[in-house]
Amino acid sequence: MSIYYHEEEQIFHIQAQEMSYIIKLVEGYPLHAYWGAKLRNDNNLSKLVNLHYLGDRLNLDRLSQEYPQYGSGDFRNPAYQVQLEDGSRITELVYRSHRISAGKPSLPGLPSVYVETPSEAETLELELEDVYSGLIVVLRYSVFANSDAIARSVNFVNKGKQSLRLQRALSASVDLPTADYEMIHLSGAWIREGHVQRRPLAPGATSIESRRGASGHQTNPFMLIVGLNTNEDHGEAYGLSLVFSGDFVARAEVDPFQTTRVSIGINPFDFSWLLAPGESFQTPEAIMVYSSHGIGQLSRTYHHLYRTRLVRGVHRDRARPILVNNWEATYFNFKAEKIEAIALAGAELGIELFVLDDGWFGKRNDDTTSLGDWIVDHNKLPDGLTDLANRVKRLGLQFGLWVEPEMVSPDSDLYRNHPDWCLHVEGRRRTEARTQLVLDYSRQDVRDYIFEALSTIFTEVPISYIKWDMNRNMTEIGSASIPPERQSEVAYRNVLGLYELLERLTTKFPHILFESCSSGGGRFDPGMLYYMPQTWTSDNSDAVERLKIQYGTSLIYPVSTMGAHVSAVPNHQVGRNTPLKTRGDVAMSGNFGYELDLTQFNEEEKEIVKAQVAQYKDIRSLVQQGDLYRLLSPFVGNETAWMFVSEDQSDVLVFYFKVLAEPNAPQKRLRLKGLCPQYNYQVVGTEEIFGGDRLMAVGLDLPNLHGDYVSTTFKLKKV
Ligand code: DGJ
C-alpha cells in the first residue's frame, strides 16, 4: 500500500495490494485516470487520460472526471451541486493543495471503517476550491495495507461570505473507460431480501435508490460493476458500498462515447443542506473494492474489511452466542412461566442466550400500541424484567431483549405527552404504518429521552444482548424543531441522530451485543454494522427461502453479521415443511439460533437440536471468522453450496443443499475452492484423504440425497 504523488506529471497514484487508482490534474482539474489491476509506479502513467482529441479548451463532457461538477459542459450526472445566494448553481473546482498522511481519520458523527494503527492505511486529501464562491471541497481517499479497498468521502467547507445550499453531495464518482459491463445488486421486499439481480448496462443510466429514510428491503446500498464474462472466480469486478443507513443512490451511466460513470452517495432526491459561512458538511463514506479474480474475491475483501475494521467493540472477535428467541414461539401472547419454560428447554439443549422479543412493555398485546412506553408490563411479567432476567441467568443463559426505540405508537403516553416528537408536517395527515409513527431523531430532546429510558433498563436489568428493531419507513418528513429553510435536511439529520444515540448507548454499555433489525433485513447496511455487529437477515426463516437471502446478502456482508434461526414447520412465512436437519444447516451458515417453542419438541427432535447446538459450537469459529467461498448459486439451479476455509487453510466446512428430489439423479461431485493444493485433507468421520488439488479440480463425491429440501455437510481437516 502506498500513495505516490508525481509532481511533474501531476499524478496521484493510490496503490493497494493488487489494485491501482490514479488521479491526474490537468490545468488544475482533477481527472480520473485509472481504477483497476495494480500498475507499477515507475510506469509512464501520464497518458492514462486520453487528451489527444481535445482542442485548446478542455471539453469536460469527453473527459473522465474525478468529482464531476454541474453546468460547465459535462452533461452526465454530476457528483455534487451547490446553489449560491444569487440562485446560480455553477461551481468549478480546481486543485488547491493536497496532503498524504499515514492512517485514516474517522468521520465525526458518521460510521466509517477504521484502522487500529496508522501503519494500516494511508490517506490522500485532495483540496479543491471554487474561487468564486469560497467553497472548499476535500476529496479523501484511504487505502489499506492488506485489502484491495479504498475508503472515499468528501468534505465541503464554506469559506466564503455567503450561504451555500448543497443540493447534491455524492460520496464517490468514477468514470470507467468502457461500457462493457453488467451491474449486480440486491433487490427484494419484506421476507424476500437479498435477491441477486444482474443486468447489462446500456446507454443511459441504470440506478438503484432508496427514498424511504432507510436503506430498505428493496435495495441495498451497494452495486457491483462487472465484466461481461465475470463470474465467481474469474474476471474483473468493481464494488461500491455506502456506509450509510438512509436514502442513497447508486448509479451507472453509459454515455454516448461508451464510457461509464459509476457513483454512489446520499440520494439527492428530497435532500439539500444549508452551509452557512464557516460551516462544513461531511458525506458518508463509500468503500470501493476491486477484484481481478471474480466476484468471490471481491466479497471476501468486503467480508474481511467489514468484519475486522467496520464492526467495533468487544464482540467483534468474540464467538457469537447461540440464541433462542420467543417471537415465532409466542408472538405477543406470553407470560413469565412460558418464557422461563422455553429458556429452560434451551438451557438443557446447550443454547447460550435467551431473547425476549416484542410484547414485554406497556399494554403491548398486539402491534397497535405502547411503543415509546418502555415500562415492563406487570400483567405478563408480574415480578418484572430484572427478576425474569435473573431467573434466565440462573438457568445458565444470558438474557437478551427486544426494543424498537425509533418509534412511537399513537396509543402511548409518550405520544399523548409529546405529539410533536414524531416526524410530521403541521396540518397534514400523519401516515401510520403498523399503527406507529417515526420519532424525530433530529431532535436532541427526543434522543435524550430515549437514551435515558433505555439506559435505565440496560442498567437495571442484567442484559447481554439487544435486538434493535425498526419496523416502518419515514413519511411526512418534517420536524417541528427545524426552521423552514432546513426542512430538506430532516431525513438526513434523523440518520445522524440515530448514529449519535447509538454511539452514546454502545459507549455506555460496551458489554451488550446489539443486533440490528428492520422487519428483518430492511436496514442491513454497513452504517448499522458500525454500531451493531450483527443484523437479523430476514423475517423469512424458511430454509429454502433463506438459501437465496443468505447467498445474496453474502455478496458483500460477512457471515458473522447475519442472524439465522431455525423456526417451526409448517413455516410461518411460506407454509413449507422442511426437515429439521436442513433448517439447522441453513441457520448454521450464519449466526445460529432457534426461534420456536422448544418445549413442543419431542425427545427425538430434542436430540437433533442438542446435536446441532454441539455441532455449531464446534464449527462456530470457522463459520464466523473463516473465508466464505460460494460454490453453487440458488439463483441458478436446484442446488446450493458454500464452504468456509480457515485462514491457514487447514480447516474446511462444506454445506450442500438440494431443494427438490431428483429421480435417477446422476452421480455428482462438488468442486471445492480456496484450499491449499499441496495439503492433504481428511474428510472428518471417514478414512478418506484427498489432496487439495484434487478436491478443487475433481471435487468431492456427493451422496444421492433422498427427498425434497435436503442437505449435507462435510468437515475436512488438513492431515
Ligand atoms: C419485526 C422483526 O423482524 C421480528 O423479528 C420481530 O421482532 C417483530 N418485529 C416484533 O414486532
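This passage describes the ligand site, the cavities and pockets, and two backbone features of a predicted model.

In this predicted model, local features are reported only at a pLDDT of at least 70 and side-chain atom pairs only at pLDDT 80 or more, whereas totals for chains, interfaces and linings use all residues. Residues are numbered from 1 along each chain as its sequence is written, and side-chain values use heavy atoms, with hydrogens and water left out.

The ligand is surrounded by 13 residues, of which Asp357, Asp358, Lys467, Asp469 and Asp539 come nearest; a residue is counted as near if one of its heavy atoms lies within 4 Å of the molecule. By class, this shell holds 4 nonpolar, 3 polar and 6 charged residues, where Ala, Val, Leu, Ile, Met, Phe, Trp, Tyr, Cys and Pro count as nonpolar, Asp, Glu, Lys and Arg as charged, and the others, Gly among them, as polar. Polar contacts (pairs of N or O atoms within 3.5 Å; within protein, one atom must be able to donate a hydrogen and the other to accept it, and residues adjacent in sequence count only if both atoms are side-chain atoms) involve several side chains of the shell. A polar side-chain atom of tryptophan 402 lies 3.1 Å from an oxygen atom of the ligand, an N or O atom in the side chain of arginine 434 is 2.9 Å from a ligand oxygen atom, and for a polar side-chain atom of lysine 467 the distance to an oxygen atom of the ligand is 2.7 Å. Of the 290 Å² of accessible area that the ligand has on its own, the protein covers 97%, with areas taken from the Shrake-Rupley method and a 1.4 Å probe, and with only the protein chains shown counting as cover for residues.

Enclosed and open spaces were located on a 1 Å grid over the protein atoms alone, a cavity being a set of points where a 1.4 Å probe fits but cannot get out, and a pocket an open set with protein on both sides within 12 Å along at least five of seven lines; lining residues have an atom within 4 Å of a point. Grid points are joined across faces, edges and corners, and a volume is the space filled by probe spheres set on the points.

The search of the whole structure finds 9 cavities of 30 Å³ or more, and the largest cavity holds about 140 Å³ of space. This largest cavity is lined by 17 residues, with Gly213, Glu406, Val438, Met474 and Arg523 the closest to its centre. Its lining comprises 9 nonpolar, 4 polar and 4 charged residues, and the largest share, 3 residues, comes from helix α7 (residues 490–508); helices (H or I, at least four residues) and strands (E, at least two) are DSSP runs, numbered from the N terminus. At least three lining residues are drawn from each of domain 1 (2–309) and domain 2 (323–625), the domain bounds coming from an automatic or database domain assignment. The second largest cavity has a volume of about 100 Å³, and of its 13 lining residues the closest to its centre are Leu186, Glu193, Gly194, Asn220 and Gly521. The lining of the second largest cavity has 3 nonpolar, 9 polar and 1 charged residues, and at least three residues again come from each of domain 1 and domain 2.

Among the pockets, the largest contains about 680 Å³ of space, and its 27 lining residues include Gln297, Arg300, Thr301, Asp627 and Tyr629 as the closest to its centre. The largest pocket lies between domain 1 (2–309) and domain 3 (632–718), because both give residues to its lining. Helix α1 gives the most to this lining, with 6 residues, and the residues divide into 3 nonpolar, 15 polar and 9 charged. The second largest pocket holds about 520 Å³ of space; of the 25 residues that line it, Ser64, Asp175, Leu176, Pro177 and Thr259 are the closest to its centre. The elements β4 (29–37) and β10 (164–176) give two or more residues to this lining, β4 supplying the largest share with 5 residues.

Two backbone features remain to be described. Most residues other than glycine have a negative phi, and most peptide bonds are trans. The peptide bond from valine 569 to proline 570 is cis, with omega near -5°, and proline 570 lies in the loop between β29 (562–567) and α10 (580–587). Glutamate 476, although not a glycine, has a positive phi of about 40°, and is placed in the loop between β26 (465–468) and α7.
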